[in-house]
Structure formats: C-alpha cells, structure tokens
Amino acid sequence: IQSLFNQLIKMLLGIDSNLKQNKNYSDELLYKIVEIATQILQINDKQLLETVGRWFSPYIQKTEYKSLLDFIADTFENFLKNLNTLHRHIRVAHFKNVFMPYFKCTFEKENQVKLQYAPGKPQRIGLAPLVQGILSGVADHFNLIDFKIIQLQSRLAHLPFSDPAGWDIFLINWTSPPSPSTSTYSSNSTSPSTTSSSLKFNLNKLL
C-alpha cells in the first residue's frame, strides 16, 4: 500500500512521492491528499480517514515510536490516559513547530470513558473519523471485546478550544479480554482487512 500511495501522490500532486516520516507537511497538502484520494477511490472522506486511522496500530510497529508506545501503553486505558504525554514527547523530540492535538479523558465508570478531542488548530475540521479509526485499531490491538465509540458532539468549525462547542466528544465503551492481557506494541497487531483490502484493490486498478 505504501508504494501505491507514493505513486498516487506523485501522479496527482507532482511532488516528491517519498514523504518523509519526520518532516512537517502543511495542513493544506494533507487535506488536498484526502480530497483527491476520495475522488479517485470513490469513497467519502469519513471512510478514508477512519481506514487510515485503523492502520495506525500496525503501522507504528515499523517506526521509531514503537518503543515509546510500549512504555506508555500497556493497556487501552493507559493509552487514553497518556495521549497528551505522547504528543508532547513527539513534539519536543521531532516536530517542534507542530500544533499537536489535545485530549481530555473522563472515566465515567469501569471500561467507559468520555473523550474530548481538540485538533491543535481551530481551522482543522473533519478529523473526528481519523480519531475513531485510530482508537478502533488500538482496541483491536489490545483484543478488546464489544468495543464501541459513539460521537456525542462534532466541533463547530473555527471555534476556539476555550468554547465547549470547539471540541469533538466521544463516548467509548469496551469489555476487557477474559484474562489479563500482556499485549504491548511490541507484539503483532492485526491489520484491518475488509476496507483496507478494498482500498488496495482500487489503488491497484488506478495505478
């Protein structure tokens, strides 16, 4: 998929297809990639972003961030609790000029959390499906049962994060595996199959 993606970027945008892992790209470029990819693949932006998000967990195995996630995320609950710590570390170590997202977790009861998400810049909109996809992929990694994520509120465009309406809000429920899980990000994750296979098929037809 990576090589097909690189060819897609080169063909459609006329830029270096080898996008660098630790290079900061503009929001405008990333939104343009999403716009063009949805047209070519004939899916909507929500489907695309959610699928990309679900690939986060398998993809992270191949990057330098795996050891960091091993350290902070031995359970799904700890992953949620350490989201801001994770993004602060990445910003300091790799992306000093990037506006990182911010999260607030309210644990309602056991295995239930209300998660509030602000995307770093008020003008960033429509990224909730990406968050949902990432969390679903991480839930798969930890072998959670009956994982459900429902969006309670969609942020209104360009509102400051000081405004309560400037946040996406999710309610997340899950059931932990029957026995204590020792899964960390050093083990193999299962890749999402159905949608990702469809995307690969469509990309192969295109290229």
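Okay, let's start with the sheet. It's an open sheet of four strands, and the order across it is β1-β2-β4-β3, with antiparallel pairing. On the two edges you'll find β1, residues 102-109, and β3, residues 145-153, and each of those pairs on one side only. If you look at how neighbouring strands sit against each other, they're turned by 20° on average, ignoring direction. And before I go on, please keep in mind that this is a predicted model.

Now zoom in on the middle of the sheet. Strand β2, residues 112-118, and strand β4, residues 168-175, run antiparallel and are joined by six bridges. If you want one pair to look for on screen, find Tyr-117, which stands opposite Asp-168 in β4.

What packs on this sheet? That's helix α8, residues 128-141. Helix α8 touches β2, β3 and β4, and its direction makes about 165° with that of β3.

Let's step back for a second to the whole chain. We have nine helices and four strands in the protein. Going along the sequence, the pattern reads α-α-α-α-α-α-α-β-β-α-β-β-α. So where do the contacts come from? Counting contacts with a separation of 6 or more, 64% are between residues 24 or more positions apart.

Next, a helix pair. Helix α2 is residues 27-41, helix α3 is residues 45-54, and the two pack at an angle of about 105°, with their axes 9 Å apart. An angle like that makes α2 roughly perpendicular to α3. Who meets whom there? From α2 we have Val-34, Ala-37, Thr-38 and Leu-41, and they meet Asp-45, Leu-48 and Leu-49 in α3. Sort the residues of that contact by class and you get five nonpolar, one polar and one charged.

That brings me to the inside of the protein. Of the 207 residues, 41% are buried. Here's the general idea: in soluble globular proteins, nonpolar side chains tend to be buried together. In this model, the largest nonpolar core has 36 residues. Which residues have the most contacts inside that core? They are Phe-76, Phe-79, Leu-80, Leu-135, Phe-170 and Ile-172. Plenty of elements chip in: α2, α3, α5 (66-72), α6 (76-81), α7 (83-93), β2, α8 and β4 each supply at least two residues of the core. The largest share, five residues, comes from α8, the helix we saw packing on the sheet.

While we're on buried residues, have a look at Leu-69 in helix α5. Is Leu-69 buried or exposed? Its relative accessibility is 2%, and the cut-off for buried is under 20%, so Leu-69 counts as buried. Leu-69 and Asn-82 are 13 residues apart along the chain, and their C-alpha atoms are separated by 9.5 Å.

Last stop: two backbone oddities. Asn-111 has a phi near 65°, which is a positive value in a residue other than glycine. You'll find Asn-111 in the loop between β1 and β2. At 19% relative accessibility, Asn-111 counts as buried, since the cut-off is under 20%.

The other one is Asp-146, again not a glycine, with a positive phi of about 55°. Where does Asp-146 sit? It's in strand β3, one of the edge strands. Asp-146 has a relative accessible area of 55%, and over 50% means exposed, so that's how we class Asp-146.

Okay, that's my tour!

Definitions and conventions: Residues are numbered from 1 along each chain as its sequence is written. This is a predicted model: local features need pLDDT of at least 70, side-chain atom pairs count only at pLDDT 80 or more; totals for chains, interfaces and linings use all residues. Side-chain values use heavy atoms; hydrogens and water are left out. Two strands pair if DSSP finds at least two bridges between them. Axes are lines fitted to C-alpha atoms, for helices over the stretch in contact, and angles run from 0 to 180 degrees between N-to-C directions. Contact means heavy atoms within 4.5 Å. Angles under 35 degrees count as roughly parallel, over 145 as roughly antiparallel, 65 to 115 as roughly perpendicular and the rest as oblique. Ala, Val, Leu, Ile, Met, Phe, Trp, Tyr, Cys and Pro count as nonpolar, Asp, Glu, Lys and Arg as charged, and the others, Gly among them, as polar. A nonpolar core is a set of buried Ala, Val, Leu, Ile, Met, Phe, Trp, Tyr and Cys residues joined through side-chain atoms within 4.5 Å. Buried means under 20% relative accessible area, exposed over 50%, partly exposed in between (1.4 Å probe, protein chains only).
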